[in-house]
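Student: I'd like to learn how to read a helix and its salt bridges from a model. Could you walk me through a case?

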Amino acid sequence: ELGDGLGVLSNFPISNTERVPWTNCFGGFDQSDHGAADCLAMKGFLVTTVALDDGHTVDVYDLHGEAGGSDRDQELQAADFEQLASYIAANSKGRAVIVAGDTNLHTDRVHPDSAKGADIGIWERFLDVAGLTDSCAATSCTDTGRIDKVAFRSAGGVSLEAASRTVEASRFVDAKGEDLSDHQAVSVQFRWTES
């Protein structure tokens, strides 16, 4: 089993970092089960508290979601985001939150792993239950189907605004200009004010 690959780099002090694996996974090495080999990596989420200033903080979640489009993958994707929403409710109640990472949710209805729109429902339910705003919607982006997503909410005296969202198309490439990953990174610049 491989590590979760989740990490946080910050110019601000961080504390209370915790890694939480998903409750279940589906997909073996040879993919004969029609899974996406998710049980080979310890997928889940990481949470850390980032100190802004004057005692203001935001809880930042980094995640890597279940991949694949089989019925079992869909069940686990829904369960994973329910698990994350429950964790946020229990551990970040009344606090500002940023959730970012590889959701593996294809919210464009075109990708074969989108389960004919089921991924859209999973993402929208998660946003609603956790009280989050998708940064794509907040910045009127046009590429809503990307699996790398960033969502946020204001609370606890911290008002967050997604000032910009950028697909880093040329930043994470090798010497030949080829992408380092099978999907390009997304960055979001936030403004925060005391509320």
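Tutor: Sure, we'll go through a helix, then some salt bridges, then a loop residue. Keep in mind that this is a predicted model.

Student: Fine. What span should helix 1 have, and how far apart are its end C-alpha atoms?

Tutor: The idea is to take 1.5 Å a residue and see what the ends say. Helix 1 covers residues 71-91, which is 21 residues, so the span should be 30 Å. Its end C-alpha atoms are 30 Å apart, in agreement with that.

Student: Which residues of helix 1 are buried?

Tutor: Start with the general picture. An α-helix has 3.6 residues a turn, so residues three or four places apart point the same way. Now look at the list here: among the buried residues of helix 1 are Asp 73, Leu 76, Gln 77, Asp 80, Phe 81, Leu 84, Tyr 87 and Ile 88.

Student: And what covers the buried residues of helix 1?

Tutor: The cover includes strand 1 (14-21), strand 2 (44-51), strand 3 (57-64) and strand 4 (97-102). Helix 2 (118-130) and strand 6 (148-153) are part of the cover too.

Student: On to salt bridges. How many are there in the whole structure?

Tutor: A salt bridge here needs a side-chain nitrogen of Lys or Arg within 4 Å of a carboxyl oxygen of Asp or Glu. By that test the structure has 5 salt bridges. One of them joins Arg 95 to Asp 59, with the closest N and O atoms 2.8 Å apart. Arg 95 sits in the loop between helix 1 and strand 4 and Asp 59 in strand 3, so the pair ties together parts 36 residues apart in sequence.

Student: Is Asp 59 buried or exposed?

Tutor: Buried means under 20% relative accessible area. Asp 59 has 3%, so it counts as buried. Its partner Arg 95 has 25% and is partly exposed.

Student: Which residues are linked in a network of salt bridges?

Tutor: Asp 143, Arg 146 and Arg 165 are. Asp 143 meets Arg 146 at 2.7 Å, N to O, and meets Arg 165 at 2.9 Å. That second pair links distant parts of the chain: Asp 143 is in the loop between helix 3 (135-138) and strand 6, and Arg 165 is in strand 7, 22 residues away. As for exposure, Arg 165 is buried at 16%, whereas Asp 143 is partly exposed at 23% and Arg 146 is partly exposed at 25%.

Student: Last one: where does Gly 177 lie?

Tutor: Gly 177 is in the loop between strand 7 (158-167) and strand 8 (186-194). With a relative accessible area of 46%, Gly 177 is partly exposed. Its C-alpha atom is 34 Å from that of Val 97, 80 residues away along the chain.

Notes: Residues numbered from 1 in each chain as written. Predicted model: local features only at pLDDT ≥ 70, side-chain atom pairs only at ≥ 80, totals over all residues. Heavy atoms only, no water. Helix = DSSP H or I, 4+ residues; strand = E, 2+ residues; numbered from the N terminus. Buried < 20%, exposed > 50% of the residue type's maximum accessible area, 1.4 Å probe, protein only. Expected span 1.5 Å × (residues − 1). Contact = heavy atoms within 4.5 Å.
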